[in-house]
Amino acid sequence: MFELISRILKYVFIVIIYLFIFRIIRLMYLDIKSMDKKGSSLDAAYLKVVNRLDSLNFKMNESYVLSYETTIGRSSRCDIIIKDKFVSKKHLKITEENGMYFIEDLNSANGTFLNGEQIFDIVELRDGDKIGVGFIQFIFVDNRG
């Protein structure tokens, strides 16, 4: 009886090990696949999250490619959703006009910060600018040329 239980547990343990290995390979595949997506948009403007993603209590991507008009806020209607209690539903907007990007605070409760200073008007973004929204810090990266 002991040998039968021992043998069953041995096979169960082997199955668990194979499932563990399968999940690790799957995670590596998904990580490599996401790197390919980012690599294809290297000639675009995007926001890179500076915060350590594992220290946040909500999910965020490492970077976000900007379109002609990108809204950031807590609302699910925003293009970039930040589930931070210090972020307004519609916090800020980044727009592209004539090849330049501009940032505008949308009357948020806690303000939008550009390079450490709160903004009140529409401001042009430059490569390397740091954007502060609640507890999140972005770096504006413009690789278009």
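T95 sits across from F102, a residue of strand β6. That pairing belongs to a predicted model, in which local features need pLDDT of at least 70 and side-chain atom pairs count only at pLDDT 80 or more, while totals for chains, interfaces and linings use all residues. Residues are numbered from 1 along each chain as its sequence is written, and side-chain values use heavy atoms, with hydrogens and water left out.

Back to the strands, then. β5 and β6 (residues 100-105) run antiparallel and share 6 bridges. Strands here are DSSP runs of E with at least two residues, helices are runs of H or I with at least four, and both are numbered from the N terminus. Two strands count as paired if DSSP finds at least two bridges between them. Another pair of facing residues in this match is E96 and Y101, the latter in β6. The hairpin made by β5 and β6 has 2 residues between its strands, and N98 takes a positive phi near 55 degrees there.

N98 is not a glycine, yet its phi is positive. This residue lies in the loop between β5 and β6 and counts as exposed because its relative accessibility is 74%. For these labels, buried means under 20% relative accessible area, exposed means over 50%, and partly exposed falls in between (1.4 Å probe, protein chains only). N107 tells a similar story: a positive phi of about 55 degrees in a residue that is not a glycine. The loop holding N107 runs between β6 and β7 (112-114), and N107 is exposed too, with a relative accessible area of 77%.

Both β5 and β6 have further partners. β5 is joined to strand β3 (residues 69-73) by 4 bridges, in antiparallel fashion, and I72 faces L92 of β5. On the β6 side, 2 bridges link β6 to strand β9 (residues 123-124), again antiparallel, and here I103 stands opposite V123.

Just ahead of β5 comes S88, in the loop between β4 (80-81) and β5 (92-97). S88 counts as buried because its relative accessibility is 14%. Its side chain reaches the backbone nitrogen of A109 at 3.0 Å, inside the cut-off for a polar contact, which is a pair of N or O atoms within 3.5 Å; within protein, one atom must be able to donate a hydrogen and the other to accept it, and residues adjacent in sequence count only if both atoms are side-chain atoms. Leaving aside neighbours within four places in sequence, S88 touches G73, R74, S108 and A109, where contact means heavy atoms within 4.5 Å.

There is also an open sheet of 6 strands, ordered β2-β1-β11-β10-β7-β8 with antiparallel pairing. β2 (63-65) and β8 (117-118) are at its edges with a single partner strand each, so one side of each has no neighbour in the sheet. Within the sheet, β1 (residues 45-49) and β11 (residues 136-142) pair over 5 bridges, and Y46 has V141 in β11 as its bridge partner.

Finally, the helix. M28 is part of helix α1 (residues 2-40) and counts as partly exposed because its relative accessibility is 49%. M28 also belongs to a nonpolar surface patch, together with residues including Y11, F13 and I25, and the patch has about 1,000 Å² of accessible area.

Technical notes. Patches are made of residues with over 30% relative accessible area and no salt bridge: like charges are joined within 9 Å, nonpolar side chains (Val, Leu, Ile, Met, Phe, Trp, Tyr) within 5 Å. Accessible areas come from the Shrake-Rupley method with a 1.4 Å probe; for residues, only the protein chains shown count as cover. A salt bridge is a side-chain nitrogen of Lys or Arg within 4 Å of a carboxyl oxygen of Asp or Glu.
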